[in-house]
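The following paragraphs lead the reader through one protein structure, from its overall make-up to its open and enclosed spaces and to a few individual residues. Please keep the sequence and the model in view while reading.

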Amino acid sequence: MKRFFTSLVIASIVIAFFASCNNGNEDAINTYKLSVSATEGGTVEGDTISNEYFEGDSITLKAVANPDYYFVAWSDSVTDNPRTLIIYSDTTIVAQFAAVLPYAIDTIVGTISGYKFVGLGLPSNTLWATCNVGADTNNVEKDGGHFAWGETEDKTVFNWENYKLMTEGEKSWKKINKYQIDDKQYSAIWYNADSSFIGDSAALLNMDDDAASKNWGDWWVTPTMAQWKELRNYCYWVWTDDYNGVAGFIVYAAKADADKGKKVLKGAAASDLYSLTDIHIFLPVAGYYTDSDLLGSTELGSYWSADLSDFSSGYAFYISISGDNGMEVFDFWRNSGRSIRPVRSLLE
């Protein structure tokens, strides 16, 4: 009888142990949400796309462009298409598309409203200016001015107190009065007392607030992030420390598919196939301003896009260039001061 009782106790302990392990395993399995969408001009196809996945699940996504559009990149800057996504956290992914211009331009050079542009053989046929706003086409290595996002005049002090798109007399970014997204900043003026969003939902610069358009005319606009990513992915980039004495990236029209998206960083050797007689633009280093401090003026370039951040109404997207890291995409406070390199708008 004693032996039977002992066996029963041991069996109960073993069963309890395995039950505990099973419960622990169940608790350890995490589930995450996946949000998949596309900008105007295309859709996303894939395996059965659901709202919830287990940690480690994979899904294959394919961006499909509509007629007269092309795929640029995913929102996390990946250009593979199709791509396989491994789920390790709540994930939002957006397929980004851009419109093909309604006229065919390959690698050309021209001038409009006194400013030169080049065609770099891009899928969208976007035309890029050869100098920054504030510089001139005969001195393309000049850095030009520094502008807050959404402002049209350069300055040397950048803070919320002197930012133009603010409620008068206010000094907090939560009092921005234009370009507001549903960013859950419930104490900001784009929410009412019951935390309902009442902002303008505007996330792309219009010409009234675009330094390119205001300073150069309506033919010119600040590039969108899609246009910056296209420039990164389809051109041949070469870092130089001496373009008429200024450091920066020479961005060439790629001569071969294998050269598209290549970055020749500081100290590396560029292909002999490219020289300054070829179609190119030069992006000089000019640094950026926070308050009255000019930072990185000899090491990096910092250029605004026309896109508000999808993280906060107080942020906007920009690109940073350097000889060590190539071209990178960031978002930061839109009252900071950065360069602007215009592109031709779609106006005829």
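A polar contact is a pair of N or O atoms within 3.5 Å; within protein, one atom must be able to donate a hydrogen and the other to accept it. With that term in hand, the description can begin. The model is a predicted one.

The protein is built from three helices and 21 strands. It has 348 residues, of which 45% count as buried. Among contacts with a separation of 6 or more, 57% are made by residues 24 or more positions apart.

One helix, α3, covers residues 225-234. This helix is mostly covered, as nine of its ten residues are buried. The buried residues of α3 are Met-225, Ala-226, Gln-227, Trp-228, Lys-229, Glu-230, Leu-231, Arg-232 and Asn-233.

The helix α3 leads directly to the open spaces of the model. The largest pocket has a volume of about 1100 Å³. It is lined by 40 residues, and those closest to its centre are Leu-204, Thr-224, Met-225, Ala-226 and Asp-307. Met-225 and Ala-226 have already appeared among the buried residues of α3. At least two lining residues come from each of β5, β7 (91-99), α3 and β18 (300-308). Of the elements, β7 gives the most to this lining, with six residues. Sorted by class, the lining of the largest pocket holds 20 nonpolar, 13 polar and seven charged residues.

The second largest pocket contains about 180 Å³ of space. Its lining consists of 14 residues, and the closest to its centre are Val-109, Val-118, Thr-130, Asp-278 and His-280. Two elements, β9 (115-119) and β15 (280-284), give two or more residues to this lining. The larger contribution is that of β15, which gives the most, with three residues. Eight residues of the lining of the second largest pocket are nonpolar, four are polar and two are charged.

His-280, one of the residues closest to the centre of the second largest pocket, deserves a separate look. This histidine is found in strand β15. Is His-280 buried or exposed? His-280 counts as buried because its relative accessible area is 14%, and the limit for that class is under 20%. The side chain of His-280 makes a polar contact of 3.0 Å with the side chain of Tyr-243. The side chain of His-280 also reaches the backbone oxygen of Asp-278, at 2.8 Å. Leaving aside residues up to four places away in sequence, His-280 touches Val-118, Leu-120, Tyr-243, Ile-250, Val-251 and Tyr-252. Tyr-243 thus appears both as a polar partner of His-280 and in this list of contacts.

Besides the pockets, the model has one cavity of 30 Å³ or more. About 30 Å³ of space lies in the largest cavity. The residues that line it are Ala-148, Trp-149, Gly-150, Glu-151, Leu-205, Asp-209, Ala-211, Thr-222, Trp-304, Ser-305 and Ile-340. Six of these lining residues are nonpolar, three are polar and two are charged.

Two loops add further detail. In the loop between β5 (69-74) and β6 (83-86) lies Asn-81. Asn-81 is partly exposed because its relative accessible area is 31%, and that class lies between 20% and 50%. Although Asn-81 and Leu-61 are 20 residues apart in sequence, their C-alpha atoms are 7.6 Å apart in space. Not counting residues up to four places away in sequence, Asn-81 touches Leu-61, Lys-62, Ala-63, Phe-71 and Trp-74. With Ala-63 there is also a polar contact: the side chain of Asn-81 reaches the backbone nitrogen of Ala-63 at 2.7 Å.

The other loop runs between β9 and β10 (127-129), and Thr-126 lies in it. Thr-126 counts as buried because its relative accessibility is 4%. The side chains of Thr-126 and Ser-124 are joined by a polar contact of 2.6 Å.

The cysteines close the description. A disulfide is a covalent bond between the sulfur atoms of two cysteines. How many disulfides does the structure hold? The structure holds zero disulfides. Cys-131 is buried, at 0% relative accessibility. Cys-235 is likewise buried, with a relative accessible area of 0%.

Notes:
Residues are numbered from 1 along each chain as its sequence is written. This is a predicted model: local features need pLDDT of at least 70, side-chain atom pairs count only at pLDDT 80 or more; totals for chains, interfaces and linings use all residues. Side-chain values use heavy atoms; hydrogens and water are left out. Helices (H or I, at least four residues) and strands (E, at least two) are DSSP runs, numbered from the N terminus. Buried means under 20% relative accessible area, exposed over 50%, partly exposed in between (1.4 Å probe, protein chains only). Contact means heavy atoms within 4.5 Å. A disulfide is a pair of cysteine sulfur atoms within 2.5 Å. On a 1 Å grid over the protein atoms alone, a cavity is a set of points where a 1.4 Å probe fits but cannot get out, and a pocket is an open set with protein on both sides within 12 Å along at least five of seven lines; lining residues have an atom within 4 Å of a point. Grid points are joined across faces, edges and corners, and a volume is the space filled by probe spheres set on the points. Ala, Val, Leu, Ile, Met, Phe, Trp, Tyr, Cys and Pro count as nonpolar, Asp, Glu, Lys and Arg as charged, and the others, Gly among them, as polar.
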